[in-house]
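Trainee: Could we go through this structure together? I would like to cover pockets, cysteines and aromatic rings.

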Amino acid sequence: MIEENVKKILQELPQGVELMAAAKARTPEEIMRAAQAGVKIVGENYIQEALAAFNVVGHRVKWHFIGHLQRNKVKKAVEIFDMIETVDSPELSKEIDKRCNQCKRIMPVLIEINSGREKQKFGIFPEDAEDFIKEISGLKNMKTEGFMTMGPMFGDPEDARPYFVETKKLFDRIKTLNLPGLEMKYLSMGMTNSYQVAIEEGANIVRIGTKIFGERG
Ligand SMILES: *Cc1c(COP(=O)(O)O)cnc(C)c1O
């Protein structure tokens, strides 16, 4: 099943759109099967789960962190992840920079945009993104490469479209600012029920869990 699901999605994705397997609550073996079927990026929400999966799957895939990253987990995170998609505060940014300086690497990151301006969710409000980017732009061991957004959850994916549109507009505007050290390359948006709409609105990374692995138990 996992193999067929991955192949089907890969066939369907337009050129230039990358598939991420969102792997929370899946076993390392399930993730391995997705990797063998052609998944090249795995997204993890929790450090412990990621470590277990990384020990089995290793560098066959790229690892993206997509959960809420606590500062006391950053040290471990910078050891295994190829990208952190959920940078959402100056404090977290500084910690990533510090830990990456210690292990001599530069971490590509995406800024999480709270496109629904939902109080209970993490992420930078769209209107604060420019100032935030300028604030973290001096950090030498972290490289901002784009945006990630969740958007509010809806039964009908059409309802998510305005949030994707707004995030893409912001992405394009920030890109034209040509800020030093900033390379706006990735726009990570869309999940199982909304990824087609997200692609229509400019996503180039889609984060898919259920459609690959089945319903979470
Ligand atoms: C779980 C999760 C996904 C994937 O959700 P599905 O609906 O199972 O495709 C995508 N992004 C994030 C940040 C997630 O936590």
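Mentor: The following exchange takes up those topics in turn, and the model is a predicted one.

Trainee: What is the volume of the largest pocket?

Mentor: The largest pocket has a volume of about 360 Å³. It is lined by 20 residues, and those closest to its centre are Lys24, Asn45, Ile66, Met150 and Met191.

Trainee: How many nonpolar, polar and charged residues are in that lining?

Mentor: The lining of the largest pocket comprises 9 polar, 6 nonpolar and 5 charged residues.

Trainee: Turning to the cysteines, how many disulfides are there?

Mentor: The count is 0 disulfides. Cys100 takes part in none, and its nearest cysteine sulfur belongs to Cys103.

Trainee: Why is there no bond from Cys103 to Cys100?

Mentor: Their sulfurs lie 5.2 Å apart, which is too far for a bond, because a disulfide requires the two sulfur atoms to be within 2.5 Å.

Trainee: Are these two cysteines buried or exposed?

Mentor: Cys100 is buried, at 0% relative accessible area, whereas Cys103 is partly exposed, at 38%.

Trainee: And how many aromatic pairs are there?

Mentor: There are 4 aromatic pairs. One of them joins Phe54 and Trp63 edge-to-face, with 5.8 Å between centres and 70° between planes. Both of these residues, Phe54 and Trp63, are buried.

Another pair, Phe147 with Phe171, is also edge-to-face, at 6.1 Å centre to centre and 75° between the planes.

Trainee: Which parts does the pair of Phe147 and Phe171 tie together?

Mentor: Phe147 belongs to strand S6 (residues 142-149) and Phe171 to helix H7 (residues 161-176), so the pair links parts that are 24 residues apart in sequence. Phe147 is buried at 0% relative accessibility, and Phe171 is buried at 5%.

Methods:
Residues numbered from 1 in each chain as written. Predicted model: local features only at pLDDT ≥ 70, side-chain atom pairs only at ≥ 80, totals over all residues. Heavy atoms only, no water. 1 Å grid on protein atoms, 1.4 Å probe; cavity = no way out; pocket = protein on both sides within 12 Å on 5 of 7 lines; lining within 4 Å. Points joined across faces, edges and corners; volume = space filled by probe spheres on them. Nonpolar A, V, L, I, M, F, W, Y, C, P; charged D, E, K, R; others polar. Buried < 20%, exposed > 50% of the residue type's maximum accessible area, 1.4 Å probe, protein only. Phe/Tyr/Trp six-rings, centres within 6.5 Å; stacked < 30°, edge-to-face > 60°. Helix = DSSP H or I, 4+ residues; strand = E, 2+ residues; numbered from the N terminus.
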